[in-house]
Amino acid sequence: MTLIEQLSGVVGAAQVVTGSDMNKWSTDWIGTYKSNPIAVVRPANTQEVSAIMALAHSTKTPVVPVSGNTGLAGGTYAEGALMLSLERLNRVRTIKPDAQVAIVEAGVILSAIHDAADEHDLIFPVTFGAKGSAQIGGILSTNAGGSNVVRYGNTREQCLGLEVVMADGQIMDLMSELHKDNSGLNLRDLVIGAEGTLGIITAAVLRLVPKPRAYATAMIAPANMSAALSVLNAVQSATGGTVEAFEFMPKAYIDMHMAKFPDARAPFETDHPITVMIEVAATAKRDATPDENGVVPIIEALETVLAEEFETGRLVDAVVAQNEAQRVEMWARREAAAEVVLHYDPIINNDIAVPLDQVASFLDRATGMVQAVDAGATDISISHLGDGNIHYTIYPSSRDAALKDKIVETVEDLTRQLGGSFSAEHGIGLSKLASMARRKDRVALATMRQIKTALDPHNILNPGKVIPPA
Ligand SMILES: Cc1cc2nc3c(=O)[nH]c(=O)nc-3n(C[C@H](O)[C@H](O)[C@H](O)COP(=O)(O)OP(=O)(O)OC[C@H]3O[C@@H](n4cnc5c(N)ncnc54)[C@H](O)[C@@H]3O)c2cc1C
């Protein structure tokens, strides 16, 4: 029997996709990585995933798991490999409101988890622009961040338990709902962020948190980046650490956004070089209930701090959302960033983390350093500023691979000088492999290779991604 026939025996012929029907999977979201998979197989449950992996293990067939295919690091490139789509494992199995957990299958789309939690006045506090397509298996596998990390942490922090199909098809049951579990090595956290190189995530137990009763959202224009950090700290201090988003957009982005969406409004009446969207959330009733004059305490608290910051000169402008429509407009501007900025060629898409007090230094120095290598390069930085994550996109003057590499090394040098990382939230995939080889600690790389060999001796799980060869 051929592999396709054997796979059809597991999932049914209709769930083994070949030829041009694979188009939606054979290109990544940005359009940089195009590949020809052997087939895309679409199992319906964990047992079928297990049977597929057992077959792949015995035939030494490479397998690339795919969820929403919105990843930004080339992690789903699948030349000559079998793609394993988790999209039919799409059930929210249960929400336990008292324990505040959701038990979901790997193929559930992020916005569907948001909707399911919302029915119980809870939230799953991971959010980003691709929430309508990205699936929880892919989100866990990239340990995605997004706009709420400043308050809640990355996806890893939201996961209590996992079910994982190993390279040989065995099912590892780590579906714990426990907040404390020190029973040996933490294999859950090892699989999270492994981008499909150590196992296939088929289900997860997710931590939910109470739904905020009110939000205060504003666009602010700090005088400079250091002032932006002071404003963040002042708002955190005044509101008890309830800042949920602190998102930097430069004027260049505002201009690009309005060019792409001509109906969009400018955030301020006058232009400012630095724009930040800030959101504060109130979960307690006393902070969220309007008084007799209709004043909502959390909004008043934000307005008071912003007014004080205006007096000091750290803030030069601010617009507070007066209703939900204005809040949605502010979020839409931020969440369009990937669509606005990334669909260009040639492009270098850096996803950098630096300590919060080094963001200003990075932004001050990066353009000059890059233009010293490529005088014709232009750049744009959009940042999850509240957690020090800078999406530093460069448009080099040519497609020359050596030039691109030199530019990337320049950015890596600066990042390293500032105590940062070349990969913040998008992962490594294929696109950051060279950076891993150059920059990651040698002992850490050797340890990763040993773990990979132990868990996947035939190197069939997303081979060639994340861990560079020795
Ligand atoms: C518009 C847009 C905005 C974005 N904004 C952000 C942002 O703010 N923050 C952020 O962190 N990221 C952001 N991203 C990228 C983000 O990493 C991905 O959207 C998401 O985390 C990946 O989910 P996915 O379901 O699309 O996974 P995929 O792209 O399908 O897969 C991602 C990786 O995980 C592996 N994988 C997939 N499913 C599984 C599984 N079940 N088990 C094991 N391995 C698996 C794949 O092989 C691949 O290596 C954005 C992307 C887009 C397109």
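Trainee: How many Å separate the centres of domain 1 and domain 3?

Mentor: Happy to start there. This is a predicted model, and in it the two centres, taken over C-alpha atoms, lie 43 Å apart. The domain assignment places domain 1 at 3-85 and domain 3 at 214-337. Domain 2 covers 92-210, and domain 4 covers 342-429.

Trainee: Now the ligand. Which residues are closest to the ligand?

Mentor: Counting a residue as near when one of its heavy atoms lies within 4 Å, 35 residues surround the ligand. The closest are Pro65, Ser67, Gly68, Thr70 and Gly145.

Trainee: What classes of residue make up that shell?

Mentor: The shell has 20 polar, 13 nonpolar and two charged residues.

Trainee: And how do I read polar contacts? Which atoms of the ligand and of proline 65 lie 2.6 Å apart?

Mentor: Look for pairs of N or O atoms within 3.5 Å. For proline 65, a backbone N or O atom pairs with an oxygen atom of the ligand at 2.6 Å. Threonine 142 uses an N or O atom of its side chain, 2.8 Å from a ligand oxygen. With glycine 196, a polar backbone atom sits 3.4 Å from a nitrogen atom of the ligand.

Trainee: How much of the ligand does the protein bury?

Mentor: The size of an interface is often given as the accessible area lost when the parts come together. Here the ligand taken alone exposes 980 Å², and the protein buries 96% of that.

Trainee: Which elements give two or more residues to the shell?

Mentor: Strand 3 (63-66), helix 5 (136-141) and strand 10 (200-207) do. Helix 5 provides the largest share, four residues.

Methods: Residues numbered from 1 in each chain as written. Predicted model: local features only at pLDDT ≥ 70, side-chain atom pairs only at ≥ 80, totals over all residues. Heavy atoms only, no water. Domains from an automatic or database assignment. Polar contact = N/O pair within 3.5 Å; in protein donor to acceptor, adjacent residues only side chain to side chain. Areas by Shrake-Rupley, 256 points an atom, 1.4 Å probe, with all protein chains shown as cover. Nonpolar A, V, L, I, M, F, W, Y, C, P; charged D, E, K, R; others polar.
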